[in-house]
Amino acid sequence: MQENEDEIKLNQSKLSNIEYWNDFYKRERKEFSDDSDFTGEIWFDENGAEQKMIDFLIQQLDEEQLFSNKDVIEVLDVGTGNAHFMVEFAEQVVEECDLASSFAHTGIDYSPDSVEFAQQVIDKKLEENEAIGEKHKFTVEQVDVLQKNCEFLAKNKERFDILVDKGTLDAIALSQVPLEEFDGKKPFNVYASQVSQVMKKGSILLITSCNFTEDELVKIITSDKNTGLSVMKKLKYPSFKFGGTEGSTICTIAFVKN
Ligand SMILES: C[S@@+](CC[C@H](N)C(=O)[O-])C[C@H]1O[C@@H](n2cnc3c(N)ncnc32)[C@H](O)[C@@H]1O
């Protein structure tokens, strides 16, 4: 299927190459081995995106009692990078919530260097703060979410309660190369149908993007009705005005699987 003219367009960038990310996480691992306090770049930290995402999830779990009937809440970090989000989220859940449920956190990334670094960051955090390990288990796995017939997606159908994506769809969208195995669709147009496979009914997909406007992100995630995804909540950031238009440089949207 050819994509139409009003398709959302971004420029091709090296950030869409696995080689770029392998080199990136090799450098981060090297820095970590020289200084164990360095646990890698926190994407969108300047916008406070990670904290906003964590606050939203904690509010859902704690105040709204979402998934409170579950013994184990399954969380998937799509494109986990250095696993910073997973360990920070777990730490804040331990500090701020009194939940009966345990958590199984799974981080996936297509870069083997990310997977190695993520495991090191997790090991360090569990060593520093043993309380986290009591109710939070972590797994990291090398997975390309855009792979046709992806084994991980097939094996984990409808498993997860929460999916988190901070900057991964953004990186994916920086490739304009059509995917032959998906009828020539662009990578970002394949993303939702891939990741939604592992979402349970009622589960949440929380995405932060700096490449798309809210409207574009909604279009990308909800256009394919087979995914069952719809908007649950748009998180608020300070906005600016330019040439009469109001906007913000980043957006975070929670989608729910119906
Ligand atoms: C901007 S980084 C964000 C990393 C992490 N989420 C964070 O907030 O620190 C984008 C991540 O997406 C990963 N990635 C890109 N394409 C991917 C794909 N097709 N499958 C899995 N991971 C991918 C990269 O390796 C990289 O770790």
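## Exercises on a predicted model

**Exercise 1.** Check the span of α3 against the 1.5 Å expected for a residue.

*Solution.* The structure is a predicted model. Step one: α3 has 13 residues. Step two: the expected span is 1.5 Å times one less than that number. Step three: this should give 18 Å, and the end C-alpha atoms of α3 are 18 Å apart, so the two agree.

**Exercise 2.** Decide whether α3 is mostly covered or not, and name its buried residues.

*Solution.* Apply the cut-off: buried means under 20% relative accessible area. Ten of the 13 residues of α3 pass, so the helix is mostly covered under this cut-off. The buried residues are H84, F85, M86, V87, E88, F89, A90, E91, Q92 and V93.

**Exercise 3.** Describe the largest pocket: its volume, lining and chemistry.

*Solution.* Start with volume: about 730 Å³. Next, count the lining: 41 residues, with W21, G167, T168, A171 and I172 nearest the centre. Then locate the lining. α1, β1, α3, β2 and α7 each supply at least two residues. Last, sort by type: 21 nonpolar, eleven polar and nine charged.

**Exercise 4.** Find which residues of the largest nonpolar core touch the most other members, then trace the contacts of L169.

*Solution.* The core holds 37 residues. L163, L169, Y191, L205, L217, I221 and F255 touch the most other members. By element, the largest share, four residues, comes from α9. Now take L169. Leave aside neighbours within four places in sequence; L169 is then in contact with F188, Y191, I207, F212, L217, I220 and I221. Finally, look apart from this core: another has 21 residues, among them M53, L61, F89 and A254.

Note on methods. Residues numbered from 1 in each chain as written. Predicted model: local features only at pLDDT ≥ 70, side-chain atom pairs only at ≥ 80, totals over all residues. Heavy atoms only, no water. 1 Å grid on protein atoms, 1.4 Å probe; cavity = no way out; pocket = protein on both sides within 12 Å on 5 of 7 lines; lining within 4 Å. Points joined across faces, edges and corners; volume = space filled by probe spheres on them. Nonpolar A, V, L, I, M, F, W, Y, C, P; charged D, E, K, R; others polar. Core = buried A, V, L, I, M, F, W, Y, C linked by side-chain atoms within 4.5 Å. Buried < 20%, exposed > 50% of the residue type's maximum accessible area, 1.4 Å probe, protein only. Contact = heavy atoms within 4.5 Å.
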